[in-house]
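Here is a friendly note to read with the structure open beside you. Take the points one at a time and find each residue as you go.

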Protein chains: 2
Amino acid sequence: VYALWASFVQHRTIEAILKDKGLAKVGDAIVNLCYSLAKTLVLGRATGEKVQDVVLARAIRATPVYRQLNRKTDAGTAADAYEAILSFLWMKGSVTIEEIVQHLVPLLTIDAATSRKQERVVAIDAFTSLLLLLTDRLAIP
Amino acid sequence: VYALWASFVQHRTIEAILKDKGLAKVGDAIVNLCYSLAKTLVLGRATGEKVQDVVLARAIRATPVYRQLNRKTDAGTAADAYEAILSFLWMKGSVTIEEIVQHLVPLLTIDAATSRKQERVVAIDAFTSLLLLLTDRLAIP
């Protein structure tokens, strides 16, 4: 089924992925869906959350991929790079929504009493771990 | 795989689905992902779009499901109801992202020159058609 959109992810360098603003837009929806589903599983009821740029920016800055950006970037640009990576891998069929959610769930140590600030710290760690897991799959042919 | 979140979609009435704000949050991300992927396929490059409440509100108002809301609703509430239906069906495994995208693509008669206002009109019709397709699957046990 991934052949539907596989032709739009034929980037030849990691830098080209990180800078693709179109991929970042698709990735924004993927990130929000996966985080909403993970939070649903953790809290035990359907719920959702838009993941803030600052969360994804801190997550990508905590991994070696960030060096590929090769210059100081603002939170929006760094978050776009994270979203573009996730979108690239998902559109290629290299990761599924289910796998992302299952990776996030045990790392989301939150409950109904967790403050937004605390949740943000937990989410940064969870998205850092996810990116470290997925980085190996970014191998460009 | 849908067993992961199937336990959160055991609603017994359509009204309960339409009013579930948690489902609507998950559905918001599903709608944005599907529309972004459909637009990617139509325009031939990765791109994305947040679907506005007014688009989903007009779409649901154009279908018989809207009668289930049983009172005058604002655009935000109507859009939430649309998103909740889509989320319910996707979380149950009754529809896939691929199927939604493939339904939207031939209806999205837009190109790079289409104005935002024109695109909105086209999107309303596409999401109306999608909801009409999916309504039959809302059968509650």
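**Notes on the two chains**

1. Let us begin with a single residue: A:Glu99 counts as partly exposed, because its relative accessibility is 28%. Please keep in mind that this is a predicted model. The side chain of A:Glu99 meets that of A:Arg137 in a salt bridge, with 2.8 Å from N to O. This pair ties together distant parts of the chain, since A:Glu99 sits in helix H6 of chain A while A:Arg137 belongs to the segment after H7, 38 residues apart. A:Arg137 is partly exposed as well, with a relative accessible area of 27%.

2. Why would two such side chains pair up at all? Side chains of opposite charge can do so when their charged atoms come close. Over all chains, the structure holds 14 salt bridges, so there are others for you to look up.

3. Now try a pair in chain A with another setting. The side chains of A:Glu119 and A:Lys39 form a salt bridge at 3.1 Å, N to O. Again the partners come from distant parts of the chain: A:Glu119 lies in helix H7 (residues 116-135) and A:Lys39 in helix H3, 80 residues apart. Are these two residues buried or exposed? A:Glu119 has a relative accessible area of 11%, so it is buried. A:Lys39 counts as buried too, because its relative accessibility is 7%. The cut-off to remember here is that buried means under 20%.

4. That pair also has company. A salt-bridge network links A:Lys39, A:Glu49, A:Arg116 and A:Glu119.

5. Turn to chain B and look for B:Lys39 and B:Glu119. Their side chains meet in a salt bridge of 3.1 Å, N to O. B:Lys39 is in helix H3 (residues 21-43) of chain B and B:Glu119 is in helix H7 (residues 116-135), with their positions 80 residues apart. Both B:Lys39 and B:Glu119 are buried.

6. How do the chains meet? Contacts join 30 residues of chain A to 30 residues of chain B. Between them the chains bury about 2500 Å², and 79% of that is on carbon and sulfur atoms. Two salt bridges are counted between chain A and chain B. One salt bridge brings the side chains of A:Lys50 and B:Asp28 together at 2.9 Å, N to O.

7. Which helices of chain A supply at least two residues each to the side that touches chain B? They are H1 (3-6), H3 (21-43), H5 (75-92) and H6 (97-104). H3(A) gives the most, with 13 residues. By type, the residues on this side of chain A divide into 17 nonpolar, eight polar and five charged.

8. A residue worth finding in helix H3 of chain A is A:Asp28. Leaving out residues up to four places away in sequence, A:Asp28 touches A:Glu83 and B:Lys50. Its relative accessibility is 16%, so A:Asp28 counts as buried.

9. Finish with helix H5 of chain B, residues 75-92. The helix has 18 residues and reaches 26 Å from its first C-alpha to its last, close to the 26 Å expected at 1.5 Å a residue. Because 13 of its 18 residues are buried, H5(B) is largely enclosed by the rest of the structure. At the N-terminal end, B:Asp74 acts as a cap, with a side-chain oxygen 3.2 Å from the backbone nitrogen of B:Gly76. Just after H5(B) comes B:Gly93, which takes a positive phi of about 85°.

Conventions: Residues numbered from 1 in each chain as written. Chains lettered and ligands numbered in written order. Predicted model: local features only at pLDDT ≥ 70, side-chain atom pairs only at ≥ 80, totals over all residues. Heavy atoms only, no water. Contact = heavy atoms within 4.5 Å. Buried area = accessible area lost by both parts, 1.4 Å probe. Salt bridge = Lys/Arg side-chain N within 4 Å of Asp/Glu carboxyl O. Helix = DSSP H or I, 4+ residues; strand = E, 2+ residues; numbered from the N terminus. Nonpolar A, V, L, I, M, F, W, Y, C, P; charged D, E, K, R; others polar. Expected span 1.5 Å × (residues − 1). Buried < 20%, exposed > 50% of the residue type's maximum accessible area, 1.4 Å probe, protein only. Polar contact = N/O pair within 3.5 Å; in protein donor to acceptor, adjacent residues only side chain to side chain.
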